[in-house]
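Let's look at two ligand sites, side by side. Here is what we'll be working from.

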Amino acid sequence: MPAPLLKIEDLHVEFKVYEGVLRVLNGVQLIVNPGERVGLVGEAGCGKTTTMKCILQILPSPPSRTTEGRIFFNERDIRQMKAHEIQDVRGKGISMIFQDPTAALNPVFSIGDQLTTVIRCNSRTTLSKKGIHQRAITALREVQLPDPNRIFDGYPIQLSGGMRQRVCIAMALATEPELLIADEPTTSLDVTIQDQILRLLNELVDEHGTSVIFITHSLGVVREMADRVYVMYAGCIVEGAEKSELFSDPLHPYTRGLMSAVPKLTGGGIAEGIPGRIPDYLDPPSGCRFHPRCPYATEECKAERPELTRIRGSHEVACFAVERGEINAQ
Amino acid sequence: MPNEILNVVALQKFFFTTQGTVRAVDRVSFSITENETLGLVGESGSGKSTVAYTVVGIYAPTDGKIYFRGEDRSQPVAKRPKSLKRAIQIVFQDPGTSLNPRRTIKQILELPLKVHHLTAGDRKLEVANLLRRVELPADYMYKSPHMLGGGERQMVAIARALATEPKLIILDEPTSALDVSIQAKIINMLIKFQEEMNLSYLFITHDLSLMRNVATRVAIMYLGKICEVAYTAEFFRNPLHPYTKMLLSSIPVVLEEEEELKPTKVISKGEIPSPVNVPPGCSFHTRCPVRKEICMQADPEMVEASEGHFVRCHLVSGQEAVASS
Ligand SMILES: Nc1ncnc2c1ncn2[C@@H]1O[C@H](COP(=O)(O)OP(=O)(O)OP(=O)(O)O)[C@@H](O)[C@H]1O
Ligand SMILES: Nc1ncnc2c1ncn2[C@@H]1O[C@H](COP(=O)(O)OP(=O)(O)O)[C@@H](O)[C@H]1O
Ligand SMILES: [Mg+2]
Ligand SMILES: [Mg+2]
């Protein structure tokens, strides 16, 4: 097995705010293997974006503080890197696509300006002006934008949300990154446009052999986009497994609750969901952060944080009820 | 014949802007009977909220009629009698902005109770009662909206709607801003209230999977027009409009069984045109995988393909014509 492309170990991140300290990430741990499409799924506020921004070291500090953890990219800890090395990782190693394509693009520069700047600054080889222009047009054509030359000269406000997201994808892939982080790239789009963008992303990462972390709050979307999936709850990875195994045999009570709360096309009504709401990070629950909402919670769960433990293959779960044998794999 | 609560006939709502005329809602007709949930589904900008706002009277219709329990109520809200305003309530998508941040929950929930001329003590009891019905603790009445979670705020908005004992509640994407684990609770509560109070819902959403589980009938809107309506089971078993098929095959699902229910992949292509420049003929023709010459020229009429199943598509009405001749 080759070394993982990305390996996060025991990551803790907090934010200092007026009311106190928000202890958000609580020991995040995950791996992305070369060529793998990894999904990260979790509800709003569970810390998905914080984790990704921490990888790229773009969390504002203050208020953020990484209190613990290692982030290995190609076996080197990003947290120990010098500023120019981190800059290299951001430009050539890892690209990111954000949820809101409007905010990601600068409204006062043309699409062409923004795209060529990204290519010029981050290209592995030095390109001529003409070469850069050609690369930009190719990138726009690759994301199936109609009339790339016209788009090149245009401005973000002239494009629809779906087209803007295509431009962002073009910018993210133009530098041929090893890892693409897509943070809810279709959440603000309509379902038919989402379908187009997801298909496009899958085609492009296949073609380029790019590794992907695909972030979403939707179990349905992650099922289309990932080979392996991590489930995140309140700053912790609670479960990880190959996609097919996660969907056929979810183990963590949170994963199960989420799965049953999703409305199904097969009908039959909506399950009760999960009682309560996500915790306040100013004063998060002790032990397993899910315990106040969990039907299996015991004293053990309140006292101690369960470790992510391998069940079989790459299926891992952080849950004492699973360890106690109260929840069993099929 | 079940009791008809709402009947909307050829409703039109245009906005006249400097960019041109926005044909937000263009001759939309539908009805809702007692205790029924009509799911109005469409992508953004299709005109769902405009329908909602026109029915509650926030907008005056450009043309068309709105009948509530048989009476013509096409007049704007200022001219509507109080009793009508109490009978039709609306819950918005964003519970953060629909509740006044400077008021306590008690003040918010008291307002609709004012007409009852209750004493202060009785009003407080009534507010506690409303909170209990949406399963929130009574001491929440002293909190202000920003102290609550998104799901809890939406419960308060629902409690406010229930306070006037309405017949019809328009739910405009009530759970779109919420997590699925919270959505589940709210949906089940809405279903419970419907049964208890014999309510009718106009349920607006872009989530077809949700409608499979909630709606009695489903209507699909595209660029200001309804293109297909059917009873829920029939709708999902036998979708007819090419746009409906495109929508259904674009939905990400979590189960293999769901995958099998989706129509054979209709590849989604193109973008939704602007309602200022509605394409001629059938407005879906720019994205339609099966369009014919006629689709670019004539806007199809709504036809009843089977009992209660209406479609506005030349390909379906063409077959009808062949079948009946
Ligand atoms: N007050 C207004 N003035 C001008 N145009 C408007 C107005 N309200 C709505 N529109 C336009 O009418 C069309 C329909 O809008 P509407 O809000 O009804 O859509 P919707 O289906 O509710 O969309 P969404 O899913 O985004 O909520 C859109 O193109 C919108 O920009
Ligand atoms: N710059 C910041 N300052 C204070 N709190 C923050 C900041 N960024 C994120 N948070 C908090 O961290 C938590 C996780 O947020 P986020 O990573 O954006 O979640 P997700 O992407 O999973 O929705 C939230 O409670 C959020 O309010
Ligand atoms: Mg996020
Ligand atoms: Mg709307």
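What follows is a quick tour of the surroundings of each ligand.

This is a predicted model, where local features need pLDDT of at least 70, side-chain atom pairs count only at pLDDT 80 or more, and totals for chains, interfaces and linings use all residues. Side-chain values use heavy atoms, with hydrogens and water left out.

Start with ligand 1. It has 15 residues around it, and Gly45(B), Gly47(B), Lys48(B), Ser49(B) and Thr50(B) come nearest; a residue is near if one of its heavy atoms lies within 4 Å. In chain B, β1 (4–17), β2 (20–33) and α1 (48–56) each supply at least two residues of this shell, and α1(B) has the largest share, three residues.

Ligand 2 has 13 residues around it, with Gly45(A), Gly47(A), Lys48(A), Thr49(A) and Thr50(A) coming nearest. α1(A) gives the most to that shell, three residues. Helices (H or I, at least four residues) and strands (E, at least two) are DSSP runs, numbered from the N terminus.

Now the polar contacts, meaning pairs of N or O atoms within 3.5 Å.

| Ligand atom | Protein partner | Distance |
|---|---|---|
| Oxygen of ligand 1 | Lys48(B) side chain N or O | 2.7 Å |
| Nitrogen of ligand 1 | Tyr59(B) side chain N or O | 3.4 Å |
| Oxygen of ligand 1 | Glu173(B) side chain N or O | 3.3 Å |
| Oxygen of ligand 2 | Gly47(A) polar backbone atom | 3.0 Å |
| Oxygen of ligand 2 | Thr49(A) side chain N or O | 2.6 Å |
| Oxygen of ligand 2 | Thr50(A) side chain N or O | 2.5 Å |

Taken alone, ligand 2 exposes 570 Å², and the protein buries 68% of that (Shrake-Rupley method, 1.4 Å probe).

Note on methods
Residues numbered from 1 in each chain as written. Chains lettered and ligands numbered in written order. Polar contact = N/O pair within 3.5 Å; in protein donor to acceptor, adjacent residues only side chain to side chain.
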